[in-house]
Amino acid sequence: MELPDRPLAPATRLAHAGRAATPSATQPVAPPLYQSVVYRFDSLEQLDGVYAGTTPGYFYYRYGTPNHHQLEQLVADLEGAEAAVAAASGMAAFSATALGLLASGDHVIADRSLYGGTYTVLTAELPRFGVEVSFVDPDEPGALARAARPRTRLLLLETLTNPTLRVTDLPRLATEAHARGWLVCVDNTFTTPCLIRPLAHGADLVWHAASKYFGGQSQVLGGVVAGSRALIERVRSCVIHLGIAGGAFDPWLATQGLATLALRMERCSQNAQRVAAWLEQQPAVARVHYPGLASHPQRALAERLYPDGCGGMLSFELRGGQAAAIAFLRRLRLIAFVPSLGDVTTTAAYPPAMSHRNVPPDALAAMGIGPGLVRLSIGIEAVEDILADLEQALAGEGA
Ligand SMILES: *Cc1c(COP(=O)(O)O)cnc(C)c1O
């Protein structure tokens, strides 16, 4: 479309400012941000083609932008999935998955160690729509069989659990779930597709908080779900209908963050391995949870599922309990006390007061979360500096 040849009044020229396509034979190297709510059509035929999906094109922001699409393509490719859909946050992605795939009367089985936000959607929101949920320890023999109901639809798992880093046996659980006709949906936020691709181990859907490792610098809020084309189209409909795709800026940032994901996961896995081994030697530390350690109860499974490293997340229990944990967190200088993870810098969290704040003490104990448990998200700094900060913060704790 071209503007008319005759002279236009200033008000008209201003209103149309910057809207002409940029004449350029060259393409930008960095992905542009597509901050346009609507797209212009040449004709009704073109509009029909875009609506039908036979002509590539975009029409309205709520349906997703080229920035959403780039992130979706990248994640689908990394996860080995046919398709993916991006949403405004990890919880938006999960909520669209649950609402898109479940109906009133359906039943969900979930690992009892799921992320607190997922747990809250399952317990505070879905029951009002007639969806029932059972929580299990999937390592307990017969746990799935006992929880099974005629209308069980979905098994919800995480690759490594928070905060005690239990390794989920995806191949075994997916086989058992499929034998019963359930779908398996795995949260891969902690490990990312650089370390594990749950679909290759039998999962049907894999989802991410792009808010963590994808952006990698605590500047992105976003989520992505990947799986078969049929399942993702169902989830995408929900994202569009509920209006929870979010803006273009966050997927734009997440896509750029992903450029360095492989390097960051390699480095934080190496650093975490060193930190975990060092922490195990400290008298003030009672226990270290990291699947890369020989002392981890599932070391053989971890070696099989995580040949390229076990990621940057670890936790440890201070002998001095809550008082020791509080003092340790206060003494940290390089490492920030942060209720998140996946940053390029090392951060610390205190699960009993953060992610597991609303879990009663006996349930915490059953999950292996004592009052002295501190979680670390190991970053990509020089490991000597991480160790030095931990050392000075542990000094004075004694044994
Ligand atoms: C942060 C997180 C989520 C939720 O992501 P948001 O983007 O905060 O909604 C889900 N799962 C895990 C494991 C997380 O750490």
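**Close-up views of a predicted model**

**View 1. Ser211 and its neighbours meet the ligand.** An oxygen atom of the ligand is 2.6 Å from an N or O atom in the Ser211 side chain. The structure shown is a predicted model. Lys212 makes a similar approach: an N or O atom of its side chain is 2.6 Å from an oxygen atom of the ligand. With Asp187, the ligand atom is a nitrogen, and it is 2.6 Å from an N or O atom of that side chain. How much of the ligand does the protein bury? Taken alone, the ligand exposes 380 Å², and the protein buries 92% of that.

**View 2. A shell of 14 residues surrounds the ligand.** The closest residues are Gly90, Met91, Asp187, Ser211 and Lys212. Sorted by class, the shell has seven nonpolar residues, five polar ones and two charged ones. Which elements give two or more residues to this shell? They are helix H4, residues 90-101, and strand E6, residues 205-209.

**View 3. Seven strands form an open sheet.** Read across the sheet, the order is E1-E7-E6-E5-E4-E2-E3. The pairing is mixed. Strand E1 (83-87) and strand E3 (132-136) stand at the edges. Each has a single partner strand, so one side of each is left without a neighbour in the sheet. From one strand to the next, the twist averages 20 degrees.

**View 4. Strands E6 and E7 run antiparallel.** Strand E7 covers residues 223-227. How many bridges join E6 to E7? There are five. In this pairing, Val206 stands opposite Ala226 of E7.

**View 5. Helix H5 lies across several strands of the seven-stranded sheet.** The helix covers residues 116-125. It lies across strand E2 (107-111), E3, strand E4 (152-158) and E6. Relative to E3, H5 runs at about 140 degrees.

**View 6. A loop after E4 holds a cis peptide bond.** The bond runs from Asn162 to Pro163, with omega near -5 degrees. Pro163 is found in the loop between E4 and helix H7 (170-179). Leu165 lies in the loop between E4 and H7 too. What is notable about the backbone of Leu165? Its phi is near 55 degrees, a positive value in a residue other than glycine.

**View 7. Five strands form another open sheet.** Their order is E8-E9-E12-E11-E10, and the pairing is mixed. Which strands are at the edges? They are strand E8 (285-289) and strand E10 (336-337), and each pairs on one side only. Inside the sheet order, E11 sits beside E12. Strand E11 covers residues 347-349, and strand E12 covers residues 373-377. Three bridges join these two strands, which run antiparallel. Thr347 stands opposite Ser377 in E12.

**View 8. Helices H11 and H13 meet the five-stranded sheet.** Helix H11, residues 261-280, packs on the sheet. It touches E8, strand E9 (313-318) and E12. The direction of H11 makes about 10 degrees with that of E9. Helix H13 covers residues 321-331. It lies across E9, E10, E11 and E12. At what angle does H13 run to E9? The angle is about 125 degrees.

Conventions: Residues numbered from 1 in each chain as written. Predicted model: local features only at pLDDT ≥ 70, side-chain atom pairs only at ≥ 80, totals over all residues. Heavy atoms only, no water. Near = heavy atom within 4 Å. Polar contact = N/O pair within 3.5 Å; in protein donor to acceptor, adjacent residues only side chain to side chain. Areas by Shrake-Rupley, 256 points an atom, 1.4 Å probe, with all protein chains shown as cover. Helix = DSSP H or I, 4+ residues; strand = E, 2+ residues; numbered from the N terminus. Nonpolar A, V, L, I, M, F, W, Y, C, P; charged D, E, K, R; others polar. Pairing = 2+ DSSP bridges. Axes fitted to C-alpha atoms, helices over the stretch in contact; angles between N-to-C directions. Contact = heavy atoms within 4.5 Å.
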